Amino acid sequence: MSDTEKNSRYDHENIEQKWQDRWFSSNMFKADDDSKKEKYYVLDMFPYPSGSGLHVGHPEGYTATDIIARYMRMKGKNVLHPMGWDAFGLPAENYAIKTQVHPEESTLGNITTFKRQIKDLGFSYDWERELATCLPDYYRWTQWFFHFLYSKDLAYKKKAPVNWCDDCHTVLANEQVINGKCDRCKNEVHQKNLSQWFFKITDFLEDSEYEGRKTSGLLEGLDAIDWPESTKIGQRNWIGKQEGINITYEIEGSDEKIVVFTKYPETNFGANFVVVAPEHDIVSKITQPDHKEEVEAYVDRTAKMTPLERQENKEKTGAFTGSYALNPLNGLKMPIYLADFVMAGYGTGMVVAVPAHDERDFEFAQKYGIENIRVMITPDGDDSPVTDIKQVAHEGTMVNSQFLDGMDAQAEAKKAMMDYMEKEGMGERVIFFNMRDWLVSRQRYWGAPIPMVFDDQENEYLIPLDELPVELPKDVDFNPSGESPLTNSQTFHDELVLKRIEGKLKASGVMSEERSIVRRESDTMDTFVCSSWYQFRFMDPHNDTEFASKEMMKQWGPIDLYVGGAEHTVLHLLYSRFFTKVLHRYGFIDYDEPFTKLRHQGMILGEDGEKMSKSRGNVINPDTVVKGYGCDTLRLYEMFMGPFKDMKPWSMAGVQGVYRFLQKIWRLSTEAKITDAKADAETLKVTHQTLKKVTHDIEDFKFNTAISQMMIMVNHLQKLEEVPRESLEILLICLHPYAPHLTEEVWERLGHQEMIMTEEWPIYDDSLAKEDTIQMPVQVNGKVRGTMEVSPDISEKDALEMAKENENVQKYLEGKELVKELYVPGRIVNLVVKG
């Protein structure tokens, strides 16, 4: 092959390897802890290193963050862009059960594969900060966090009904149960009473103050961060703040009282029975003797049901206690029932029923012969037996409600009723949250051990800090048994080690002399605990005295940009915010949100438009694309597929199109005549339009339209007899974050000694980027009836005159009265007529 032939084709294999070797051997992407430059911390949600390796969905987010990282370096920022591995989890343990390959062995092997694939794509990660959550030097600090939370009464153990997956043989957090099924194996989940560890995340739902530091709540803090609105809504809904009132009802012939939380007190003139959770303490106190047998049988029957079964049970069942609550509004005697759909842990465990305005209450009332008392009507006069409160609240009118009659339902009537009840001592305004504390216990092996020990009376003790990390033992049986594999490990419960811990506890006065340590906590922590704080470890990854120094957390935090999947809305993202707020409350950091800006990538589908899966045979391996077309092609194509946040199908034809575009740029640099002469006016305009658009589009995550503009510029330059060096070099700088290997090579061939990545990002000239004329649409009554070619700076007076003189527009104005003229500068004219 001749030199001319070699030059005409971009040899991606050799060139990409050449530049990756140079970058990594020169440590070009190392973040400088001592730099005086403005910092920029850009972070990916670190991946779980699965056995199947990288798929083309992974590079989508990684390419976006790499574009931003390279762009910010060229903008003069000190960029921290690390990568690590979310390495604990069920898949590795399940693989061990199937193959008897230890999870550590399989996970570290998978990490090697992932790292090789990621490095092959030329991402500019600072690999000196690499971490893996499964290594003791990392999970030592996960255990430190447990230790710290426990010392602040933010970690506790209690017996509780938990979500149990028989297939995974472990407890699941509420967030990991989707429609009654395990989010991993998709099998049914049921309830089990187990002693479990919890983190008190509910202590951070609202704004709080500690030693003069105000920490925003998980709810209010959402208002101050640049996150997708759908993600904020998802977290708000999960937190589930409900404002209402606790109403107190006297019980006829008893000193006991019924206290009910309701969001709809305005319906209380229609309330005519009360339902209590069968497990509520008050049940035995208010049940009349002649109803005792029926009530006890119902309580026993309900106790055998899981909360999930109770929620899903469509048949309305109950038992009458024989007692009556008195409605303080009208003196009505309201029978008190037990029913399995009411849970003791939700609200007050008691519900006041309004059957005319709640479907569930209506079905129960129908079964037990309780009348309907309608207190709201809709404007259309709906007189059906039941009209749900949600259907009439915003448009209905109150009736049969004495002083509320005629008021608008909900807003006006709600306030009037709450005011009245508080004034008369009937109730008290309260705020209630759906969210519960975070259950972190897992009965599995492959997770961070919980740093607790127990004595012969089952009293619990924190392991001394100098005993951390509590390492995972190797002598375990991975086969699921319903209890942690750590339970029967002899090395994990080594008597000599336990005696040493016991001695330290006694010496510190924490433990009395007559007690003896007999075992460790055998549960491990939810893997989301490890991933809730990793962003801080990246700031100071080699610190062996603390998880990260205050100085480094102040220098690098908070994270400026975080990119990952929207599926983590109520799991990882919520938990990371909790950890950050804990650190802020107790003075470790001076910010209380971890991620200032968050963006989600859309899913990449197979060429058939379906989700990629092995069973469908539509999975695309990035290694294949890189080998055939180069990693710059893969990077550029994934950004060109469509808007970053949208779901998009893969297309090999699209890959080939992007490959041809890169070949065009190569030929432009190797075959075109490059001149140092000043560019003509049209080329200058295209150059600065491209620079302007790429600059703004990178910052706005509009990567696909930035690439389109660069394609326009390449097409323009190809038509020139001589290509101005200045324009070509600006194009290369714009393209560099997207296709770093090709641009480095061309930059070097243009005679530059320094890498293009060290260049300063140029500033566009707005006056040169401006179009001489634009096409402005003219609307008549909101419909486009013509267009006119005008200056972008045309005045309102001139624009309106030209619009009315437009031949196509005039026929829609003839014989009609012009009532309004609207002009949006540089955008549109709208004329409003009648007649």
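**Surface, cores and local backbone features of the predicted model**

The protein exposes about 37,000 Å², and carbon and sulfur atoms supply 47% of this area; accessible areas come from the Shrake-Rupley method with a 1.4 Å probe, and for residues only the protein chains shown count as cover. The model is predicted, so that local features need pLDDT of at least 70 and side-chain atom pairs count only at pLDDT 80 or more, while totals for chains, interfaces and linings use all residues. Residues are numbered from 1 along each chain as its sequence is written, and side-chain values use heavy atoms, with hydrogens and water left out.

Along its principal axes, the C-alpha trace spans about 105 × 95 × 55 Å. The protein contains 28 helices and 34 strands, taken as DSSP runs numbered from the N terminus (helices: H or I, at least four residues; strands: E, at least two). Of the 835 residues, 55% are buried, where buried means under 20% relative accessible area, exposed over 50%, and partly exposed in between (1.4 Å probe, protein chains only). Among contacts (heavy atoms within 4.5 Å) with a separation of 6 or more, 72% are made by residues 24 or more positions apart. The mean positions of the 98 positive and 137 negative charges are 2 Å apart. Lys and Arg count as positive and Asp and Glu as negative, without His and the chain ends; each charge is placed at NZ of Lys, CZ of Arg, CG of Asp or CD of Glu.

In soluble globular proteins, nonpolar side chains tend to be buried together. A nonpolar core is defined here as a set of buried Ala, Val, Leu, Ile, Met, Phe, Trp, Tyr and Cys residues joined through side-chain atoms within 4.5 Å. The largest such core has 173 residues, and those with the most contacts inside it are F199, W438, F547, W650, L735 and Y738. A second, separate core of 47 residues includes F269, A319, L338 and M407. With residues up to four places away in sequence not counted, L735 of the largest core touches L636, F661, L662, I665, M710, L742 and T743. L735 belongs to helix 24, which covers residues 725–735 and is mostly covered, with nine of its eleven residues buried. The buried residues of this helix are S727, L728, E729, I730, L731, L732, I733, C734 and L735.

R520, in strand 23 (residues 517–520), is buried yet has no salt bridge, that is, no side-chain nitrogen of Lys or Arg within 4 Å of a carboxyl oxygen of Asp or Glu. The nearest side chain of opposite charge, E467, is 5.4 Å away from R520. Not counting residues up to four places away in sequence, R520 touches M452, V453, F454, I463, V470, F492, H493, V497, L498 and I501.

Most residues other than glycine have a negative phi, and most peptide bonds are trans. The peptide bond from L468 to P469 is cis, with omega near 5 degrees; P469 lies in the loop between strand 22 (460–462) and helix 14 (495–507). G557 and P558 are also joined by a cis peptide bond, with omega about -10 degrees, and P558 lies in the loop between helix 17 (550–556) and strand 25 (561–563). N400 has a positive phi, near 50 degrees. N400 is located in the loop between strand 17 (397–398) and helix 13 (411–423) and is exposed, with a relative accessible area of 52%. For N781, phi is likewise positive and near 50 degrees. N781 is found in the loop between strand 31 (774–780) and strand 32 (783–790) and is partly exposed, at a relative accessible area of 43%.
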